[in-house]
Amino acid sequence: MMTTSRDDPKARPIARFLTSLLLCAGAGGVVGAAFAIFGPELPAIDRLLDGDRMAWPDAVALFTAVMLTVGGLAMAAATLNKRWLGMSLGYRDPVRPREVTEMRLQCMVIALSGVLLAAPLVAETNGFGGPGAFIAIALGFAIHSALNWRIYRTSDELTRAMVRETGAMMFFFGGAPLFLYAGAERMGLVPTLSAWTLYSLVMAAYLVVVLIVAARRGALTPD
Amino acid sequence: MNNRLKVLRAERDWSQAHLAEQLGVSRQTINALETGRYDPSLPLAFKIAKLFALPIEAIFISD
């Protein structure tokens with residue numbers, strides 16, 4: 001049977017990539033507009049977005065957290081339409097129930113990463129900076145780690161290879177700059193940075209590295 | 001490294017899902033292999049060779 005380019009999910013990878021890009025840009029625009037319009041109305045967000053109080057490491061952390069959370073939730077929403085998701089992944093048929101379950105677990109972990117990254121900032125800014133809030137965040141982190149470990153254990157070799165590749169790239173993009181900055185700081189050449197600042201930068205670098213690795217292995221543009 | 005996976009699969013009229021199931025990997029992995037974005041581990045390469053009843057060098061070609 002002849003297959004038309006419309007039926008063939010592999011026929012228009014650039015169009016599909018551009019569509020995904022437009023959808024992401026649209027989602028980013030909606031989130032940005034929602035923050036701008038409704039942020040001042042909500043005291044918790046208003047305090048967080050107050051220009052006089054927001055230090056740049058907090059802005060980096062908040063941006064990374066929003067990207068992770070919105071990205072995770074958007075991907076989770078995409079799993080509701082199995083046919084569309086199958087096509088976007090370059091498959092000829094809809095994704096299967098087991099694939100959907102695995103993807104939803106991954107989406108949950110990504111979204112939870114964002115929530116955890118924003119949690120200390122949101123808690124402290126809104127007067128919940130005590131040990132109780134920290135214990136709650138630590139518990140959330142333990143759950144996140146357990147889910148991450150489960151994904152690693154149950155996934156196949158491509159996913160594991162991507163995890164290892166991300167770790168290796170983070171050595172160069174995260175560990176190496178950290179060493180150079182720490183050395184310069186110890187020698188009194190640069191100002192001292194807080195652990196929170198360094199972690200925010202590492203997480204921002206991690207987000208970029210994950211996207212690079214995913215693109216290299218065809219997870220963003222399957223063909 | 002190049003490979004003939006897509007051609008061999010097409011010759012047998014297998015879907016990516018069927019091949020993935022036979023090899024115990026995800027369809028994403030089959031897709032990445034066929035598009036040359038991922039080189040398989042040695043155990044997976046042996047598994048692929050066994051499934052197609054071909055020597056590894058008849059499936060995977062060094063650049």
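Reader: How many residues does the contact take from chain B and from chain A?
Author: In this predicted model, local features need pLDDT of at least 70 and side-chain atom pairs count only at pLDDT 80 or more, while totals for chains, interfaces and linings use all residues. Residues are numbered from 1 along each chain as its sequence is written, and chains are lettered from A and ligands numbered from 1 in the order in which they are written. Two residues are in contact if their C-beta atoms, placed from the backbone, lie within 7 Å, and on that basis the contact takes 15 residues from chain B and 15 residues from chain A.

Reader: Which helix gives the most to the side of chain B that touches chain A?
Author: Helices here are DSSP runs (H or I, at least four residues), numbered from the N terminus. Both α2 (16-23) and α3 (27-34) of chain B supply at least two residues of that side, and the one that gives the most, with 5 residues, is α3(B).

Reader: How many residues does the contact take from domain 1 and from domain 2 of chain A?
Author: The bounds, which come from an automatic or database domain assignment, give domain 1 (13-155) and domain 2 (156-223) in chain A. Between them, the contact takes 13 residues from domain 1 and 14 residues from domain 2.

Reader: Which element supplies the largest share of the side of domain 1 of chain A that touches domain 2 of chain A?
Author: On this side of domain 1, α1 (13-38) and α3 (56-78) of chain A each supply at least two residues. The largest share, 6 residues, comes from α3(A).
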